[in-house]
Amino acid sequence: MNFNLGFIGGGNMSTAIFNGIIKSNVHPPSKIWVSGPHIEHLKYWTENGATATIENGVVFDNCEIIFLGVKPDKLDTALKTINKTTKNLTKKVLFVSMLAGKSIDTIQKAITCYLSCASISVVRIMPNTPMAVGAGICIYTPDSTVSDTECHIIETLLGSSALCEKVPENLMGSLGALIGCGPAFMYLVIEALADGAVKQGAPRALALRHAAQMVAGSGQMVLKSGKHPGLLKDEVCSPGGSTICGISALENGSLRATMINAVEAATHRTKELGK
């Protein structure tokens, strides 16, 4: 793909996407730029062939597609610094926003405020950190000016390390909280399951490894079998057996309600961050 790809903000999520891109060779590192306030924090990027800078305007001037990886409350600051340092306000740029809770309309208005002469399109995405190991998921929604070709490019870049799906913007909140916050929920589950095995005498390292693989394998069973999780659960639960006793303990602890409440809380907080 013959274009320069930029990242404004080189934090964990941007780095996860960068990792997926370079590991799958879908875009050359020599055509990737990244900016951040502390150049020393971008050493990993430069070690892997990208160009790093402290000036957002340099990324804007050199790149046709730019990922916005700053915190939601830093959007105006990032755009203001582009305005102050860019040498080309008339260029066409496709911004890919990963700002939690920020709608396309909100992002467009902010960009227009500072970059009114530029030709701007916006794609809103919600990725997750397992993209760093090629096992992520990322949803996206484009504005009306984004072409099918541009959507294909975004899917290629993100699909190298994630299941990438286009969804309506009204689902970005709930699904975004599920996939963006969900890994942290699962890490807690993995740790707790391992603790349970440790309590029964298993070595911790062994318990953690087996718990993680069990959770990963269970997810693959849902995806590849096409069966409802409830049915898969029933297939493991023999009458009067060990599994159904464990399920009963989980139900007594309100596991389902707790998980539902966790996604709901994360969704509400995401909306608040976008205001």
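**Questions on a predicted model**

Reader: In which loop is the place of Asn 25?
Author: This model is predicted. Helix H1 spans 12-24, and strand S2 spans 32-35. Asn 25 belongs to the loop between helix H1 and strand S2.

Reader: What is the phi of Asn 25?
Author: Most residues other than glycine have a negative phi. Asn 25 is not a glycine, yet its phi is positive, at about 60°.

Reader: Is Asn 25 buried or exposed?
Author: The cut-off for exposed is over 50% relative accessible area. Asn 25 has 67% relative accessibility, so it counts as exposed.

Reader: Where is Ser 254 found, and what is its phi?
Author: Ser 254 sits in the loop between helix H10 (242-252) and helix H11 (255-273). At 37% relative accessibility, Ser 254 counts as partly exposed. Ser 254 is a residue other than glycine, but its phi is positive, near 55°.

Reader: Which residues does UniProt place under the feature "binding site"?
Author: The feature comes from an unreviewed UniProt entry. The lining of the second largest pocket includes these residues. They are Ile 8, Gly 9, Gly 10, Gly 11, Asn 12 and Met 13.

Reader: What does Gly 10 touch, not counting residues up to four places away in sequence?
Author: Gly 10 lies in the loop between strand S1 (5-8) and H1. With residues up to four places away left out, its contacts are Thr 15, Val 34, Ser 35, Leu 42 and Trp 45.

Reader: Is Met 13 buried or exposed?
Author: Met 13 lies in helix H1. Not counting residues up to four places away in sequence, Met 13 touches Met 98, Pro 127, Asn 128, Thr 129 and Met 131. The cut-off for buried is under 20% relative accessible area. Met 13 has 18% relative accessibility, so it counts as buried.

Reader: How many bridges join strand S6 to S7?
Author: S6 covers residues 119-126 and runs antiparallel to S7. One bridge pairs Val 123 with Pro 142 in S7. The number of bridges joining S6 to S7 is four.

Reader: Do S7 and strand S8 pair in the parallel or antiparallel sense?
Author: Strand S8 covers residues 162-166. Gly 136 stands opposite Ala 162 in S8. Over five bridges, the sense of the S7 and S8 pairing is parallel.

Reader: How many of the seven residues of strand S7 are buried?
Author: S7 covers residues 136-142. The strand is largely enclosed by the rest of the structure, because its buried residues number six of the seven.

Reader: Which residues of H6 are buried?
Author: H6 has 12 residues, 148-159, and reaches 15 Å from its first C-alpha to its last, close to the 16 Å expected. Its buried residues cover an arc of only 155° around the axis, so they lie on the same side of H6. These buried residues are Glu 150, Cys 151, Ile 153, Ile 154, Leu 157 and Leu 158.

Reader: Which exposed residues does the face of H6 turned away from its buried side carry?
Author: This face points away from the buried side of H6. The exposed residues there are Asp 148, Thr 149 and His 152.

Reader: What does helix H8 reach from its first C-alpha to its last?
Author: H8 runs over residues 204-225, a total of 22 residues. Just after H8, Gly 226 takes a positive phi of about 75°. The expected span of H8 is 32 Å, and the helix comes close to that with 31 Å.

Reader: How far apart are the end C-alpha atoms of residues 169-273?
Author: UniProt lists residues 169-273 in an unreviewed entry as "domain: Pyrroline-5-carboxylate reductase dimerisation". Over these residues the chain is 84% helix and 0% strand. The distance between the end C-alpha atoms is 16 Å.

Technical notes. Residues numbered from 1 in each chain as written. Predicted model: local features only at pLDDT ≥ 70, side-chain atom pairs only at ≥ 80, totals over all residues. Heavy atoms only, no water. Helix = DSSP H or I, 4+ residues; strand = E, 2+ residues; numbered from the N terminus. Expected span 1.5 Å × (residues − 1). UniProt positions renumbered as here; feature names shortened; annotations may be inferred. Buried < 20%, exposed > 50% of the residue type's maximum accessible area, 1.4 Å probe, protein only. Arc of directions from axis to C-beta. 1 Å grid on protein atoms, 1.4 Å probe; cavity = no way out; pocket = protein on both sides within 12 Å on 5 of 7 lines; lining within 4 Å. Contact = heavy atoms within 4.5 Å. Pairing = 2+ DSSP bridges.
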